Amino acid sequence: MRPALAVLLLPFAAGCLNLAKDYPERHLHAVTAERPGDPASGGQGRVLAVRPFSISKRFETPEFVYRKGETEWETDYYNAFFVSPKDMVTDAARGWVAEAGLYEHVGSASSAVPPTHILEGHVAEIWVDARGQGLKA
């Protein structure tokens with residue numbers, strides 16, 4: 001009889017227990033580059049191909065990288081880039097140069113328009129300096 005009573009009371013007891021764990025909210029960030037002022041004129045006939053930027057292997061993760069000490073580093077799952085940092089920086093650079101008006105056309109290296117100029121870039125480091133600040137990643 002007692003096991004049957006426990007089975008009957010279990011659904012009621014389960015409603016009183018909160019087994020869900022609270023997790024911090026995840027924040028996704030983007031890198032942008034806005035160009036102030038009016039675009040230049042004179043880009044006629046110039047075509048720029050922006051190749052995908054490269055990034056140092058240590059910093060190509062979408063999670064924020066914190067430098068905690070001289071040899072101590074952490075990543076932060078709850079603060080991350082919306083897309084890969086190298087793709088974001090490439091897109092931001094392409095957009096900035098297009099807004100500058102220095103070229104008639106700004107596209108990717110796979111564009112069908114033959115380029116007169118090519119832009120390549122490399123991100124050596126992208127991290128948050130948390131040394132001595134007590135920041136917890």
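Strands β2 and β7 pair in the parallel sense in the predicted model, and three bridges connect them. Within this pairing, Ala49 stands opposite Ile118 of β7. Strand β2, which spans residues 47-50, is also joined to β6 by four bridges, and these two strands likewise run parallel. Two residue pairs illustrate the register between β2 and β6: Val47 is placed opposite His105, and Gly107 is the bridge partner of Ala49. Ala49 thus has a counterpart in β7, namely Ile118, and another in β6, namely Gly107.

Together these strands form an open sheet of three strands with parallel pairing, in the order β6-β2-β7. The edges are occupied by β6 (105-108) and β7 (117-119), each of which pairs on one side only. From one strand to the next, the twist averages 25°. The side chains of β2 alternate in direction: Val47 and Ala49 point one way, whereas Leu48 and Val50 point the other way, and all of these residues are buried. Helix α2, comprising residues 85-100, lies across β2, β6 and β7 and runs at about 170° to β6.

The sheet is set within a protein chain that has two helices and nine strands. Along the sequence, these elements follow the pattern α-β-β-β-β-β-α-β-β-β-β. Of the contacts between residues at least 6 apart in sequence, 77% join residues at least 24 apart. The chain contains 137 residues, of which 25% are buried. Its accessible surface amounts to about 10,000 Å², and carbon and sulfur atoms account for 57% of that surface.

Eight salt bridges are found in a search of the whole structure. One of them links Arg51 to Glu120, with the closest N and O atoms 2.3 Å apart. Arg51 is located in the loop between β2 and β3 (54-55), and Glu120 in the loop between β7 and β8 (122-123), so this pair ties together parts of the chain that are 69 residues apart in sequence. With a relative accessibility of 34%, Arg51 is partly exposed, whereas Glu120 is exposed, with a relative accessible area of 53%.

Further salt bridges involve Arg67 and Arg131. The side chain of Arg67 meets that of Glu70 at an N to O distance of 3.3 Å, and Arg131 meets Asp129 at 2.9 Å, again N to O. Salt bridges with shared partners join Arg67, Glu70, Asp129 and Arg131 into one network. The members of this network vary in accessibility. Arg67 counts as buried at 14% relative accessibility, because the cut-off for a buried residue is under 20%. Glu70, by contrast, is exposed, with a relative accessible area of 60%. Arg131 and Asp129 are both partly exposed, with values of 30% for Arg131 and 34% for Asp129.

A nonpolar patch is also present on the surface, where Leu28, Phe82 and Val83 make up an area of about 290 Å². Leu28 belongs to strand β1, which covers residues 27-29. The relative accessible area of Leu28 is 45%, and the residue is therefore partly exposed; this value meets the requirement of over 30% for inclusion in a patch.

Methods:
Residues numbered from 1 in each chain as written. Predicted model: local features only at pLDDT ≥ 70, side-chain atom pairs only at ≥ 80, totals over all residues. Heavy atoms only, no water. Patch = residues over 30% accessible without salt bridge, like charges linked within 9 Å, V, L, I, M, F, W, Y side chains within 5 Å. Areas by Shrake-Rupley, 256 points an atom, 1.4 Å probe, with all protein chains shown as cover. Salt bridge = Lys/Arg side-chain N within 4 Å of Asp/Glu carboxyl O. Buried < 20%, exposed > 50% of the residue type's maximum accessible area, 1.4 Å probe, protein only. Contact = heavy atoms within 4.5 Å. Pairing = 2+ DSSP bridges. Axes fitted to C-alpha atoms, helices over the stretch in contact; angles between N-to-C directions.
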